[in-house]
Every structure is written in structure tokens, then in C-alpha cells.
Amino acid sequence: MGLRRPHLEEVARLASSPVPFWEIAPENVVGQGGAKARQAWTILERDPVISHGLSMSMSGFDPWADETLDDLVAFLKRTKTPWHSEHLCWTSVGGANTHELLPVPFTKAAVTHTADRVKRLQDRLPAPFLLENISWYAELGEAEMSEHDFLNEVLSRADCGWLLDINNIYVNSRNHGFDPKAFVEGLPLQRVAQMHIAGHSWDEEDQLIIDSHGAPVIDPVIELFQWVLPKVFEATGRAVPVLLERDNHIPPLAELLTEQKKLQAAYDEALAPFAETRA
Amino acid sequence: MNLERVEKLQAVLADIALDTDVSAFRQDPIAFAAARGLEPGDARALLRWQRRLLTYRALVRFALSDPLPDCFPITKALLGEAWENCVDAFLDARAIQSPYYRHIHPHFVEWLADTGWGNEQWPCLLSLAHFEYLELEVLRAPEDEVQPDLVHAPASGRGVRFSASARNLAYPWRVQEATEETPAPAEGTALLFCHRLPDGRYHQRELGGASSAFLTRLMDDAPMGEAAEAVELDWDEATAFLEELRSEGAILGYT
């Protein structure tokens with residue numbers, strides 16, 4: 001589960017972690033002091049942690065400040081995260097930060113630029129780097145390729161890991177009218193090191209599914225999740241960790257843990273045929 | 001490789017998201033794109049995806065403005081209907097530059113200070129917004145590093161090491177008395193000293209002129225005796241005050 005601010009005090013008081021791991025955004029902890037930061041560090045130094053960044057703007061052009069990179073490196077070392085991930089998107093341009101995951105033009109130039117930037121960041125980090133596929137609502141400019149080919153090209157050229165967000169594939173498939181299973185076919189599942197699963201919301205006015213992370217995961221997403229898990233297992237030879245994302249309308253911890261257990265059961269069921277190998 | 005095209009497209013989406021007035025894009029995306037030097041194919045894409053690009057406008061504006069009312073409720077009450085105009089102008093200025101989401105609040109205060117937005121109509125605006133952000137700033141200030149070389153007895157020739165959370169402020173308005181019901185503070189000096197208590201809570205006290213000036217000098221690294229003498233503060237009174245601050249965690253020790 002994602003380590004959320006409203007749950008910090010309660011989780012910090014626990015004797016041990018109630019989940020296999022916590023995912024945390026370095027941006028939410030780095031450079032902060034005070035009671036909330038102390039609670040966060042109590043958890044991060046007690047429990048297994050996976051780092052997931054929000055604002056390195058991997059397809060953007062704004063340079064990274066040395067201080068930001070140094071802080072990130074220190075955070076990754078301190079938390080002993082097995083890897084660090086970012087989104088396949090841009091968040092800032094001309095120095096102005098939007099704090100939103102914005103779509104990358106599906107062009108050859110954007111592939112090369114993003115892959116170069118991933119390599120440059122990877123060279124600075126003390127842990128392997130993953131890119132996450134995002135939900136997108138509009139093409140930015142005239143596309144030279146499909147999202148499928150764009151994602152494939154970037155992962156290949158950057159030679160990095162893939163954080164497969166199954167909800168984002170579902171959201172895009174509904175918003176843009178394609179078969180999510182066909183989309184997954186032909187993508188480099190051997191690069192998957194982690195997955196995300198989340199709830200979303202329906203925007204009646206725009207007739208659009210928004211990747212809001214503000215509701216429970218719906219059954220069709222769980223079905224897609226269970227369909228892809230064995231494929232990822234076969235491609236990677238292991239059961240990859242999956243994060244339940246919840247960033248808005250955050251319910252009490254107990255409620256979220258109930259949903260996490262439901263997803264854990266779906267995960268175990270999907271990987272049951274590989275039980276011997278997993279053991 | 002046409003990187004310039006990619007960056008130009010990103011800048012155009014930022015314009016759609018952040019500009020206060022996007023009527024040109026709503027009315028004629030092709031002309032909007034041409035005015036920004038986009039290629040014809042990209043201009044047609046802007047037209048094709050016009051509605052969804054405006055969805056991004058809503059998402060970005062929500063992401064950037066959502067944290068403001070919780071931090072600045074009295075400022076919002078002071079501005080009334082003009083609050084939305086203020087937020088629009090803030091977003092339009094591209095003043096949010098940090099990769100850290102929590103920096104939206106200080107960027108807002110810095111932007112008010114840099115531009116003087118609304119100052120003519122609401123001369124207390126900047127002071128009030130600054131004061132409203134103060135509590136958050138203090139609560140999130142970096143932890144103090146352990147400094148074993150500090151001593152714990154005040155002496156005339158020694159300096160004072162303050163906590164990173166300590167703030168000694170002078171406002172020309174009685175900002176601490178403003179409320180959402182009565183958001184316009186009265187004119188009058190407010191000398192405030194704020195810091196984080198050892199248990200993490202925010203603490204604020206109003207000071208007299210001599211005490212405030214004394215702390216100002218100490219924060220400028222003046223020795224205690226010299227600082228007390230300069231503001232005509234009795235030595236025993238000065239050391240008792242400093243020890244009280246030390247017991248509350250505002251002072252780490254003496255150098």
C-alpha cells in the first residue's frame with residue numbers, strides 16, 4: 001500500500017508492518033521535519049519500502065537541480081528501496097511545475113529524449129530505475145506511433161524496468177477504445193518489476209474515466225490484473241510486488257487493509273498454478 | 001530529431017492549463033496553435049483533442065489550487081469573490097517552480113510579495129497570507145541536528161543557537177487576531193515568536209518590543225550580553241526568557 005499522511009500516526013504505532021511493503025514518494029518526505037516526518041521515518045526504517053517518484057518529469061526538458069538529485073539519492077540509500085520508479089510523462093516546462101502527469105507526444109523524438117533522460121537519471125541513482133505507463137486523456141500533437149509502440153520503444157531504448165500500472169491500461173482502453181489484453185501482448189513483460197492497481201472515477205461531463213485513485217478497485221480491473229499476473233510470472237520468473245494506490249478520498253486504514261487483503265487473495269489465486277515455483 | 005517540436009507542444013499544453021484566459025484556444029485551436037508556431041499536423045491534433053486538453057486544464061488547476069484554501073482560509077475570506085482571481089493570477093504567473101508539492105504554499109506567499117497583487121485594495125494581504133503559512137512552515141521545518149558542542153548555561157559573551165523551526169517576526173497588522181468571520185486585521189504592530197515544541201506542536205507567543213529586538217540581535221549572532229544591553233533588557237530577565245525558550249525547544253543551547 002501507499003504510505004498516506006492520514007495513516008502515519010496509526011501505522012507508526014504498530015509493532016510491525018500490516019502489509020508486505022509500503023510505497024512512498026520521496027517528495028513527500030525529503031527535507032521535512034516535525035511530528036509527521038518522524039512518524040514517516042519510524043515506518044520507513046522499520047518496514048520494507050519501495051520508492052516511487054512524482055516529479056522528475058522524465059519526458060520534460062527542465063534540468064534537475066543537483067540538490068534535488070542529492071536528496072533523492074540520500075533518500076533511496078536510507079530507505080534501502082530495491083528500485084525507484086517515475087512516470088512516463090512530463091510535469092514541468094519552462095520551469096513551471098504543473099504537479100500533474102501530462103501526456104508525452106507519441107513521436108520518435110520524444111522516445112529518444114525520454115530514453116536519454118532515463119539513462120542520465122539511472123546513472124545518478126543507487127538503485128535500478130523503472131518507468132510507469134500512465135493514463136492519458138488526449139494526444140499531444142500529431143502522433144507518429146501508437147501508445148503501445150511508444151511504450152515499447154521507450155522501455156527498450158532506455159533499457160530500464162517497467163512499473164506496469166494495470167488500472168492505467170484499463171482506463172486508456174476504455175477512454176480510447178482498445179482491447180487491454182491485446183495492448184499488453186507484445187509489450188516487454190520481462191521488464192516488469194512491480195505493478196500498480198487502483199480505482200478510478202467517471203467524469204460524466206467529459207464522458208471520460210479519470211485515473212483518480214479515489215475509489216476502490218473495480219472488478220473488471222481485478223479480472224485484467226488476474227489475467228496479466230501469470231503472464232508476468234512466466235516472463236520474469238517471479239511474483240512481482242503489486243501496489244494498491246489510493247491518493248484521494250482516503251478511507252480509514254482498516255478499510256484500505258480490507259481492500260488490500262481482497263487484492264492479495266486475487267493475486268494468490270492468479271498465481272496458484274505457480275505455487276511450487278514461488279515457494 | 002525534432003526536440004524543439006516536443007518542447008513546444010509541452011509549452012502549449014502548459015498555456016492551455018495555466019493561462020487565465022484561454023478563450024483563443026476554445027474559439028479556434030488551429031489559430032491558437034499557429035500563433036505558437038506549431039506545425040499544421042500538431043495544430044489539427046489540438047483541434048481534434050480540444051475537449052480532452054481542456055480536461056487537463058481542469059486537472060492541473062485543481063492540483064495546483066487545491067492545497068491553498070486549507071492553508072489560507074482567512075486570506076480567502078478576506079478576498080471574498082476576488083479569491084478566484086487571485087488564484088488565477090498566481091497560476092498564470094507560473095510561480096510554482098519546485099518539484100515539491102508542499103512548496104505551493106510558500107510559492108503563493110512569495111508571489112504575493114514579488115508582485116504586490118491586491119496590495120492596493122488589501123494592504124494587509126501579504127502579512128495575513130504570510131502569517132497563515134507560518135504555522136505550516138514551522139511544523140514542517142527540518143529537524144535540528146544534535147550539536148554536542150553547545151553549552152546549557154547562558155553567559156554574557158556567548159551566542160544563542162536557535163531551533164531551525166524558530167521564527168521571530170514583525171507584522172504591521174494584528175494578523176494573529178484575524179478570523180474567517182473578521183478577516184481584516186486591525187492596523188498595529190504584531191511582534192510574534194513561533195517555533196515547534198519538542199512534541200511537534202506549534203507554539204506562538206506575542207513579544208514586547210525589547211524582547212523581540214533582543215531575539216533579532218541574537219539571531220544575527222550577537223553575544224547575549226551585548227544584545228541585552230543594546231535593547232536595555234535587564235540581564236536576569238533576559239536569561240530567564242532565554243531559558244524558558246530553551247525549555248520549550250526554541251533554543252538548542254549556547255555557543
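## A helix over the chain B sheet

Let's start in chain B, where helix α11 (residues 209-219) lies across β2 and β3, running at about 135 degrees to β2(B). Helices here are DSSP runs of H or I with at least four residues, strands are runs of E with at least two, and both are numbered from the N terminus. Angles run from 0 to 180 degrees between N-to-C directions, using axes fitted as lines to C-alpha atoms, for helices over the stretch in contact. Two residues are in contact if their C-beta atoms, placed from the backbone, lie within 7 Å. Another helix of chain B, α10 (residues 125-140), lies across β2, β3 and β4, at about 160 degrees to β2(B).

Before going on, a word on the source: this is a predicted model, where local features need pLDDT of at least 70, side-chain atom pairs count only at pLDDT 80 or more, and totals for chains, interfaces and linings use all residues. Residues are numbered from 1 along each chain as its sequence is written, while chains are lettered from A and ligands numbered from 1 in the order in which they are written.

## The sheet underneath

What is the strand order of the open sheet in chain B? The 3 strands go β2-β3-β4, with antiparallel pairing. Two strands pair if DSSP finds at least two bridges between them. β2 (167-173) and β4 (202-206) of chain B are at the edges with a single partner strand each, so one side of each has no neighbour in the sheet. From one strand to the next, the twist averages 30 degrees.

Zooming in, β2(B) and strand β3 (residues 187-196) of chain B run antiparallel and are joined by 6 bridges. B:Asn168, for instance, has B:Phe193 in β3(B) as its bridge partner.

## Two helices packed in chain B

Two packed helices are described by the angle between their axes and the distance between the axes. In chain B, helix α1 (residues 3-18) packs against helix α5 (residues 50-65) at an angle of about 65 degrees, with the axes 8 Å apart. The crossing of α1(B) with α5(B) is right-handed, meaning that the near helix is turned clockwise from the far one by less than a right angle (anticlockwise would be left-handed).

Who makes the contact? From α1(B) come B:Leu13, B:Ile16, B:Ala17 and B:Leu18, and from α5(B) come B:Leu53, B:Tyr56, B:Arg57, B:Val60 and B:Arg61. That gives 7 nonpolar, no polar and 2 charged residues. Here Ala, Val, Leu, Ile, Met, Phe, Trp, Tyr, Cys and Pro count as nonpolar, Asp, Glu, Lys and Arg as charged, and the others, Gly among them, as polar.

## Chain A as a whole

Over in chain A, there are 10 helices and 11 strands. The C-alpha trace spans about 55 × 45 × 45 Å along its principal axes. Chain A has a radius of gyration of 18 Å, which agrees with the value near 19 Å for a compact globule of 279 residues. That radius is taken over C-alpha atoms, and the globule rule is 2.2 Å times the number of residues to the power 0.38.

Of those 279 residues, 43% count as buried. A residue is buried if 20 or more other C-beta atoms (placed from the backbone) lie within 10 Å of its own, exposed if 12 or fewer, and partly exposed in between.

## The chain A sheet

The strands of an open 7-stranded sheet in chain A follow the order β1-β2-β3-β6-β7-β8-β11, with parallel pairing. At the edges stand β1 (22-24) and β11 (242-245) of chain A, each with a single partner strand, so one side of each lacks a neighbour in the sheet.

By one edge, 3 bridges join β1(A) to β2(A) in parallel, and A:Ile24 stands opposite A:Ser51 in β2(A). Strand β2 (residues 49-52) of chain A is covered on both faces: A:Val49 and A:Ser51 on one side and A:Ile50 and A:His52 on the other are all buried. By the other edge, strand β8 (residues 192-198) of chain A runs parallel to β11(A), with 4 bridges between them; A:His196 has A:Leu243 as its bridge partner.

## Two unusual phi values

Most residues other than glycine have a negative phi. A:His99, in strand β5 (residues 96-102) of chain A, has a positive phi near 50 degrees. Is A:His99 buried or exposed? With 22 C-beta neighbours inside 10 Å, A:His99 counts as buried.

A:Asp159 also has a positive phi, near 50 degrees. A:Asp159 sits in the loop between α5 (147-158) and β7 (161-165) of chain A, and counts as exposed, with 12 C-beta neighbours inside 10 Å.

## Where the chains meet

How many residues of chain A are in contact with chain B? There are 35, and they meet 41 residues of chain B. On the chain A side, β4 (90-93), β5 and α4 (108-124) each supply at least two residues, with the largest share, 6 residues, coming from β5(A). By class, this side of chain A has 13 nonpolar, 16 polar and 6 charged residues.
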